[in-house]
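Here are some notes to read alongside the model. I have kept them as short numbered points so you can follow each one in the viewer.

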Amino acid sequence: MSDLVARTGRLQQRCIPFRYRSTNEADDVKFGKVVEVLMINSTSGPGLLFPKGGWENDETVEEAAVREAIEEAGVRGDLMDFIGFYHFKSKSHQDEFSPEGLCKAAMFALFVKEELNSWPEQSTRTRNWLTIPKALQSCRHEWMKDALENGFCKWLAQNK
């Protein structure tokens with residue numbers, strides 16, 4: 001078992017881990033590379049999520065995004081760029097200051113270079129590599145679809 005330990009945090013961040021898969025399948029738009037994104041199962045219901053969590057006082061939001069990718073999805077890579085801020089509601093964040101549970105997540109693109117054999121949350125999380133159309137169908141929340149389609153895909157088109 002890994003000696004990494006999951007930490008808890010206060011503010012939200014998420015990353016969209018991605019890789020390029022070589023292909024020569026005839027149904028692809030073009031021969032070459034297909035982009036796949038990594039999603040993980042939710043521990044509280046159906047649908048898939050991107051790795052997420054809070055960040056601690058001793059780390060930047062970028063460092064937290066990289067750490068959460070390791071803890072929840074068991075992947076390491078290069079944090080490429082900030083994609084944008086996305087707003088959502090969370091029942092677990094409802095309190096007297098925010099009865100609606102309003103949250104804001106900073107989203108990043110993470111180019112995956114390594115999949116770990118062992119990671120802190122492997123007993124409760126499974127990795128799912130999906131093409132972007134399949135990932136859009138699998139997103140648990142609408143705001144994640146928006147982040148993937150209107151954030152990540154636009155970023156990817158500009159950085160190819």
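**Notes on the predicted model**

1. Let's start with helix α1, residues 61–73, in this predicted model. With 13 residues at 1.5 Å each, the helix should span 18 Å, and its end C-alpha atoms lie 17 Å apart, so expectation and model agree.

2. How much of α1 is covered? Most of the helix is: 10 of its 13 residues are buried. The buried set takes in Val61, Ala64, Ala65, Arg67, Glu68, Ala69, Ile70, Glu71, Glu72 and Ala73, so you will find charged residues there as well as alanines, under the cut-off of 20% relative accessible area. Just after the helix comes glycine 74, with a positive phi of about 65°.

3. Stepping back to the whole chain, you can count three helices and seven strands. Their order along the sequence is β-β-β-β-α-β-β-β-α-α. Of the 160 residues, 44% count as buried. The accessible surface is about 9,100 Å², and carbon and sulfur atoms account for 50% of that.

4. The contacts reach far along the sequence. Taking contacts between residues at least 6 apart, 69% of them join residues at least 24 apart.

5. Tyrosine 86 is a good residue to click on. It sits in strand β5, which covers residues 75–89. Is tyrosine 86 buried or exposed? Its relative accessible area is 10%, so it is buried, the cut-off being under 20%. Beyond its neighbours within four places in sequence, tyrosine 86 contacts Cys103, Lys104, Ala105, Met107, Trp143, Asp146, Ala147, Asn150 and Gly151. As for arginine 14, the C-alpha atoms of tyrosine 86 and arginine 14 are 9.8 Å apart in space, with their positions 72 residues apart in sequence.

6. Now for the charged pairs. Side chains of opposite charge can pair when their charged atoms come close. A search of the whole structure turns up 13 salt bridges.

7. One of these salt bridges joins the side chains of glutamate 36 and arginine 19, at 2.7 Å from N to O. This pair links distant parts of the chain, with glutamate 36 in strand β2 (residues 32–41) and arginine 19 in strand β1 (residues 12–23), 17 residues apart. Glutamate 36 is buried at 7% relative accessibility, whereas arginine 19 is partly exposed at 24%.

8. Arginine 19 also forms a salt bridge with glutamate 115, where the closest N and O atoms are 3.2 Å apart. Here the link runs from strand β1 to strand β6 (residues 102–115), and the two residues are 96 apart in sequence. Glutamate 115 is partly exposed, with a relative accessible area of 36%. Which residues make up the salt-bridge network? They are Arg19, Arg21, Glu36, Glu115 and Arg127.

9. Last, please look again at α1, where glutamate 72 forms a salt bridge with arginine 125. Their closest N and O atoms are 3.4 Å apart. Arginine 125 lies in the loop between β6 and β7 (127–131), and the pair is 53 residues apart in sequence. Are these two partners buried or exposed? Glutamate 72 has a relative accessible area of 4% and arginine 125 has 5% relative accessibility, so both count as buried.

Definitions and conventions:
Residues numbered from 1 in each chain as written. Predicted model: local features only at pLDDT ≥ 70, side-chain atom pairs only at ≥ 80, totals over all residues. Heavy atoms only, no water. Helix = DSSP H or I, 4+ residues; strand = E, 2+ residues; numbered from the N terminus. Buried < 20%, exposed > 50% of the residue type's maximum accessible area, 1.4 Å probe, protein only. Contact = heavy atoms within 4.5 Å. Areas by Shrake-Rupley, 256 points an atom, 1.4 Å probe, with all protein chains shown as cover. Expected span 1.5 Å × (residues − 1). Salt bridge = Lys/Arg side-chain N within 4 Å of Asp/Glu carboxyl O.
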